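Biologist: Could you take me through one part of this model in close detail, namely how its second helix sits against its neighbours? I would like the wider setting first, and then the contacts residue by residue.

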Amino acid sequence: MSPNLIKALLHGKCPRCHTGDMFAYRSSNLMKFAVMHESCPHCQVRLEPEPGFYQGAMYVGYGITVAAMVAITGILYIFGNSSEWVYIGVIVSFMVLIAPLNYRYSRIIYLYLFGGIKFDSRYTQ
Ligand SMILES: [Zn+2]
């Protein structure tokens, strides 16, 4: 993976031009964080390749959730926690806090992996 690909992925940019935003609003906008552009505002590639495409992104979101749960459990265990309610409270709170990011990154990663859209330098700038 090239540094440009990782940077574009982390910033939620279009997989073809790495310039246009996939999402219309910032992830901190809790009312509209899920609103996506239908097509890239820069290169006009369709960001939903087929109807229902993003249903598969649930599996990516599930993977992110499990990875976060394992990491939090490990950290709490290392710090000597023994109460299951602390585990549950910390994990549920963390997952609610990162829900907008989980939603967006599961869609971004899914589009980059399975969208069939390759980077094309002719569309940059
Ligand atoms: Zn684009």
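**Helix 2 and its partners**

Modeller: The protein has four helices and zero strands, and along the sequence these follow the pattern α-α-α-α. Please keep in mind throughout that this is a predicted model. Its C-alpha atoms fill a box of roughly 55 × 30 × 25 Å, taken along the principal axes, and buried residues make up 14% of the 125 residues. Among contacts between residues at least 6 apart in sequence, 57% join residues at least 24 apart.

Before turning to helix 2 itself, let me describe the loop that leads to it. Two residues with an unusual backbone sit in the loop between helix 1 (3–10) and helix 2, namely H18 and Q44. Most residues other than glycine have a negative phi. H18, however, has a positive phi of about 55 degrees although it is not a glycine, and Q44, likewise not a glycine, has a positive phi of about 65 degrees. Their surroundings can be read from their neighbour counts: H18 counts as buried because it has 20 C-beta neighbours inside 10 Å, while Q44 has 15 such neighbours inside 10 Å and therefore counts as partly exposed. Q44 is also 24 residues from G20 in sequence, with 8.9 Å between their C-alpha atoms in space.

Now to the packing itself. Two packed helices are described by the angle between their axes and the distance between the axes. For helix 2 (residues 57–78) and helix 4 (residues 99–114), the angle is about 125 degrees and the axes are 8 Å apart. That angle is why helix 2 is called oblique to helix 4, and the crossing of this pair is right-handed. On the helix 2 side, the residues that take part are A57, V60, G61, I64 and T65, and they meet N102, Y103, Y105, S106, R107, I109 and Y110 of helix 4. By class, the residues of this contact divide into seven nonpolar, four polar and one charged.

Helix 4 deserves a few words of its own. With 16 residues, helix 4 reaches 22 Å from its first C-alpha to its last, close to the 22 Å expected at 1.5 Å a residue. Within helix 4, S106, R107, I108 and L111 are buried, and what covers the buried residues of this helix includes helix 1 as well as helix 2. Of the buried residues, S106 and R107 are among those that helix 2 meets. Just after helix 4, G116 takes a positive phi of about 70 degrees.

The other partner is helix 3. The axes of helix 2 and helix 3 come within 10 Å and cross at roughly 140 degrees, so helix 2 is oblique to helix 3. This crossing, too, is right-handed. Here T65, A68, M69, I72, T73 and L76 of helix 2 meet V86, Y87, V90, I91, F94 and M95 of helix 3. The contact holds 10 nonpolar and two polar residues, with no charged residues. One residue to follow on the structure is T65, which appears in the contact with helix 4 and again in the contact with helix 3.

Helix 3 (residues 84–97) has 14 residues, which at 1.5 Å a residue should span 20 Å, and its end C-alpha atoms are 20 Å apart, so the two values agree. Although helix 2 packs against helix 3, helix 3 is hardly covered, for the count of buried residues among its 14 residues is zero. V86 can serve as an example from within helix 3: because it has 12 C-beta neighbours inside 10 Å, V86 counts as exposed. Leaving aside residues up to four places away in sequence, V86 touches L76 and N81, and L76 is one of the helix 2 residues in the contact with helix 3. V86 and Y112, by contrast, are 26 residues apart in sequence and 36 Å apart in space, C-alpha to C-alpha.

Methods. Residues numbered from 1 in each chain as written. Predicted model: local features only at pLDDT ≥ 70, side-chain atom pairs only at ≥ 80, totals over all residues. Axes fitted to C-alpha atoms, helices over the stretch in contact; angles between N-to-C directions. Parallel < 35°, antiparallel > 145°, perpendicular 65-115°, else oblique. Left-handed = near helix turned anticlockwise from the far one by under 90°. Contact = placed C-beta atoms within 7 Å. Nonpolar A, V, L, I, M, F, W, Y, C, P; charged D, E, K, R; others polar. Expected span 1.5 Å × (residues − 1).
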